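Biologist: I have a few questions about the words you use for this protein. Could you take me through them, one at a time?

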Amino acid sequence: MLSKTVLVTGGAGFIGSHLVDRLIGEGYRVRVIDNLSTGRIENLKHLEDNPSFEFIKGDLKNYDDALEAVRGVNTVFHFAANPEVRVSTTNPRIHFEENVVATFNLLEAMRERGVKEIVFASSSSVYGEPEEIPVGEDAPIRPVSVYGASKAACENLIHAYTKLYGIRAVILRYANVIGPRLRHGVIYDLLMKLRKNKEELEVLGDGKQTRSYIYVSDAVEATVTAWKNVKENEVYNVASEDWITVNDIVIALLNELKLNNTKIIYKPILHGVGWLGDVKKIALRIDKIKKLGFTPQYKSKDAVIKTIKVLINELEDENSTN
């Protein structure tokens, strides 16, 4: 039934706004709630006159806002969160409040309103520092950041609500999602540093940190595929099928910007990570979600290069309009 109404929390954010575009394109009525603490209203500007789109500037930390947001919806896509892992070390309360408190309020509002379906954006950070990569969904949950711990706590809250109140949940553990509208993470941070100073580039960590990167269109495809094909409560990893290092990203950035003489300064701590809570190696097995028919279109390096190109253009456009 394409006329049904869905809620996307954090729909002005990076992944959330792309999901909103996809759902609107498929004929759903989409309501977004976002407090715009990390989301950007510019990500939704193109939808402001669309009759299938509704925006609420609200905060899930406020229970009344959560109640209003879920009124009359069939499905909740819960993407609201503070996405910056490094906040864990400087202000961990933000991750507790923006992630855990907000999720509890949302689940309570769903229970009160009788909303029975949630798709939750979790993270590979719940696995912490695994002994081997790639990691499957049955690996131990041992987060090493407050961000990862908050996502794991949200997963457990959701699990309890599925058992107690008959809510159906699809939990998606994303690798590093990148692409248009990205305004956090290593690619964006390195690009911003190079825009300020092309002579030298500070790299947090030893550059050997290893990650899987997935392009946002692939992440959205995986999200919709899981939602439409899963009848029971399930957890899925969402990633590309390979991985690259931070050094690979640095090389791709310098090549794209045609910088040959930039001095690279590494700032490692502990075993070569960039900050407390950073993980040296994480990549995900995706056999489970592939069985639903999902196959990523981009490998990690391709996704990184595509993202670098689009971010350079976006940032130039922003400069020219300011």
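Biologist: Why does R181 count as buried?

Modeller: Happy to start there, with the reminder that this is a predicted model. The relative accessibility of R181 is 16%, and buried means under 20%, so R181 counts as buried. R181 is in the loop between β7 (176–178) and α6 (186–196). R181 also has a positive phi, about 75°, although it is not a glycine.

Biologist: L270 has a positive phi too, about 50°, and is not a glycine either. Why does L270 count as exposed?

Modeller: The relative accessibility of L270 is 70%. The cut-off for exposed is over 50%, so L270 counts as exposed. You will find L270 in the loop between β13 and β14.

Biologist: What makes G13 buried?

Modeller: G13 has 14% relative accessibility, which is under the 20% limit, so G13 counts as buried. G13 lies in the loop between β1 (5–9) and α1 (14–25). Setting aside residues up to four places away in sequence, G13 touches D34, G39 and N43.

Biologist: Let's turn to R31. How do you know that R31 is buried?

Modeller: The relative accessible area of R31 is 6%. That is under 20%, so R31 is called buried. R31 sits in strand β2 (residues 29–34), and its contacts beyond four places in sequence include V6, L7, V8, E54, I56 and E68.

Biologist: What lies 2.7 Å from a polar atom of the R31 side chain?

Modeller: The backbone oxygen of R71 does. Polar contacts must be within 3.5 Å, and R71 is also among the residues that R31 touches.

Biologist: On to helix α4 (residues 92–113). How do you know that its span agrees with what a helix should have?

Modeller: With 1.5 Å a residue, the 22 residues of α4 should span 32 Å, and the C-alpha atoms at its ends are 31 Å apart, which agrees. Several residues of α4 are buried, among them H95, E98, V100, L106 and M110. After α4 comes G114, whose phi is positive, near 80°.

Biologist: Which aromatic pair is called tilted, and what makes it so?

Modeller: That is Y161 with Y165: their ring centres are 5.0 Å apart and the planes meet at 55°. Ring centres must lie within 6.5 Å to pair, and planes under 30 degrees apart count as stacked while those over 60 count as edge-to-face, so 55° leaves this pair as tilted. Both tyrosines lie in helix α5 (residues 146–165), four residues apart, about one turn of the helix. In general, an α-helix has 3.6 residues a turn, so residues three or four places apart point the same way.

Biologist: Why is Y161 called buried, and why is Y165 called partly exposed?

Modeller: Y161 has a relative accessible area of 7%, which is under 20%, so it is buried. Y165 has 32%, which falls between the 20% and 50% limits, so it is partly exposed. There are five aromatic pairs in the structure, and ring pairs also link Y28, F77 and W227 into a cluster.

Biologist: F77 makes me think of the core. Which residues have the most contacts inside the largest nonpolar core?

Modeller: Those are V20, L23, V30, F77 and V304, in a core of 72 residues. Helix α7 (residues 216–229) gives the most to this core, with seven residues. A second, separate core has 27 residues, including L67, L106, F120 and I167. As for V30, its contacts beyond four places in sequence include V6, V8, V20, L23 and F53.

Biologist: Along strand β8 (residues 200–204), which side chains point to the buried face?

Modeller: L201 and V203 do; E200, E202 and L204 point to the other face and are not buried. β8 pairs with strand β13 (residues 263–267) in the parallel sense, over five bridges. In that pairing, E202 stands opposite I265.

Biologist: And what makes β12 (244–245) and β14 (281–282) edge strands?

Modeller: Each of them pairs on one side only. They belong to an open sheet of three strands in the order β12-β9-β14, with mixed pairing. Strand β9 (residues 210–211) pairs with β14 in the parallel sense over two bridges, and T210 has K281 of β14 as its bridge partner.

Methods:
Residues numbered from 1 in each chain as written. Heavy atoms only, no water. Expected span 1.5 Å × (residues − 1). Buried < 20%, exposed > 50% of the residue type's maximum accessible area, 1.4 Å probe, protein only. Core = buried A, V, L, I, M, F, W, Y, C linked by side-chain atoms within 4.5 Å. Contact = heavy atoms within 4.5 Å. Polar contact = N/O pair within 3.5 Å; in protein donor to acceptor, adjacent residues only side chain to side chain. Pairing = 2+ DSSP bridges. Phe/Tyr/Trp six-rings, centres within 6.5 Å; stacked < 30°, edge-to-face > 60°.
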